[in-house]
Amino acid sequence: AIDLLLTRDIAIEGLRYSGSDVTRLQSKVLRARILLLQGGLDESKGILIELVGRKSMDSVAHRQVGARALQCLGDIARIRGEWSAARTYYGAAMGHFESRDHQHGQWETLSGMAEVEVQTGALATAAELYQRVRDIGGAINDQYPVAVALLGMGRVDIQLGKPAAAIPTL
């Protein structure tokens, strides 16, 4: 764990001082993501809100960082059970990722969106979103999103009272 923390701190410092405005913003999103994973939701949200509110986010690279920040804000809202806010943040992030055909960002955002739908009982919608995650994973030949989707689809089948249908996905 100490090695991971040291590696994280070195990476953040390297990004912070590399000179590029976009890189500095990326380091802020990375820091916010790490804080989120460590349970620092308020501090993470503060960093992200400040970043999203910046006026000078007009380049494609800046907008990409902004979309990542929105996605992270969606994660925070989802963790807190703020379903409407989560949908809004994820929707805004998804709009950017789709307009740029950024499939990695799409599947990550869709996965978060699916979790919101599972938590709110909209299981059919969740299943559709997980199917989209699976399709993207197949299209980009990445088994990780496929595995995330299959696990999610299995959870949905179990909640729908179809454990036999879940077996092939778990």
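**Exercise 1. Find what share of the contacts in the protein chain, among those with a separation of 6 or more, links residues 24 or more positions apart.**

Solution. Residues 24 or more positions apart make up 47% of the contacts in the protein chain that have a separation of 6 or more. Here, a contact means heavy atoms within 4.5 Å.

Before we go on, a word on the model: it is predicted, so local features need pLDDT of at least 70 and side-chain atom pairs count only at pLDDT 80 or more, while totals for chains, interfaces and linings use all residues. Residues are numbered from 1 along each chain as its sequence is written, and side-chain values use heavy atoms, with hydrogens and water left out.

**Exercise 2. Describe the secondary structure of the protein chain, then its burial and its exposed area.**

Solution. Step one: count the elements. The protein chain has nine helices and zero strands; helices (H or I, at least four residues) and strands (E, at least two) are DSSP runs, numbered from the N terminus. Read from the N terminus, the order is α-α-α-α-α-α-α-α-α.

Step two: look at burial. Among the 170 residues of the protein chain, 39% count as buried. Buried means under 20% relative accessible area, exposed over 50%, and partly exposed in between (1.4 Å probe, protein chains only).

Step three: look at the surface. The protein chain exposes about 8,900 Å², and 57% of this comes from carbon and sulfur atoms. Accessible areas come from the Shrake-Rupley method with a 1.4 Å probe; for residues, only the protein chains shown count as cover.

**Exercise 3. Place aspartate 75 in its element and work out which residues it is in contact with.**

Solution. Start with the element: aspartate 75 sits in helix 4 (residues 60–80). Next, ask why aspartate 75 counts as buried. Aspartate 75 counts as buried because its relative accessibility is 9%.

Now find the partners. Setting aside neighbours within four places in sequence, aspartate 75 is in contact with Arg33, Leu36 and Tyr90. With tyrosine 90 there is also a polar contact of 2.5 Å between the side chains. A polar contact is a pair of N or O atoms within 3.5 Å; within protein, one must be able to donate a hydrogen and the other to accept it, and residues adjacent in sequence count only if both atoms are side-chain atoms.

**Exercise 4. Look at aspartate 101 and asparagine 141, and say what their phi angles are.**

Solution. Take aspartate 101 to begin with. Although aspartate 101 is not a glycine, its phi is positive, about 50°. Aspartate 101 lies in the loop between helix 5 (83–99) and helix 6 (103–119), and it counts as exposed because its relative accessibility is 54%.

Then turn to asparagine 141. The phi of asparagine 141 is near 55°, a positive value in a residue other than glycine. Asparagine 141 lies in the loop between helix 7 (123–139) and helix 8 (143–159), and with a relative accessible area of 66% it is exposed.

**Exercise 5. Explore the largest pocket, the second largest pocket and the largest cavity.**

Solution. Start with the idea. Rolling a probe the size of a water molecule over the atoms shows where empty space is left. On a 1 Å grid over the protein atoms alone, a cavity is a set of points where a 1.4 Å probe fits but cannot get out, and a pocket is an open set with protein on both sides within 12 Å along at least five of seven lines; lining residues have an atom within 4 Å of a point. Grid points are joined across faces, edges and corners, and a volume is the space filled by probe spheres set on the points.

Step one: the largest pocket holds about 360 Å³ of space. It has 18 lining residues, and the closest to its centre are Arg78, Ser111, Gly112, Glu115 and Val148. Helix 2 (21–37), helix 4, helix 6 and helix 8 each supply at least two residues of this lining.

Step two: the second largest pocket holds about 230 Å³. Helix 4 gives the most to its lining, with five residues.

Step three: the largest cavity has about 40 Å³ of space. Its lining is made of Lys45, Leu73, Ile76, Ala77, Arg80, Glu82, Ala85 and Tyr89. Helix 4 gives the most to this lining, with four residues.
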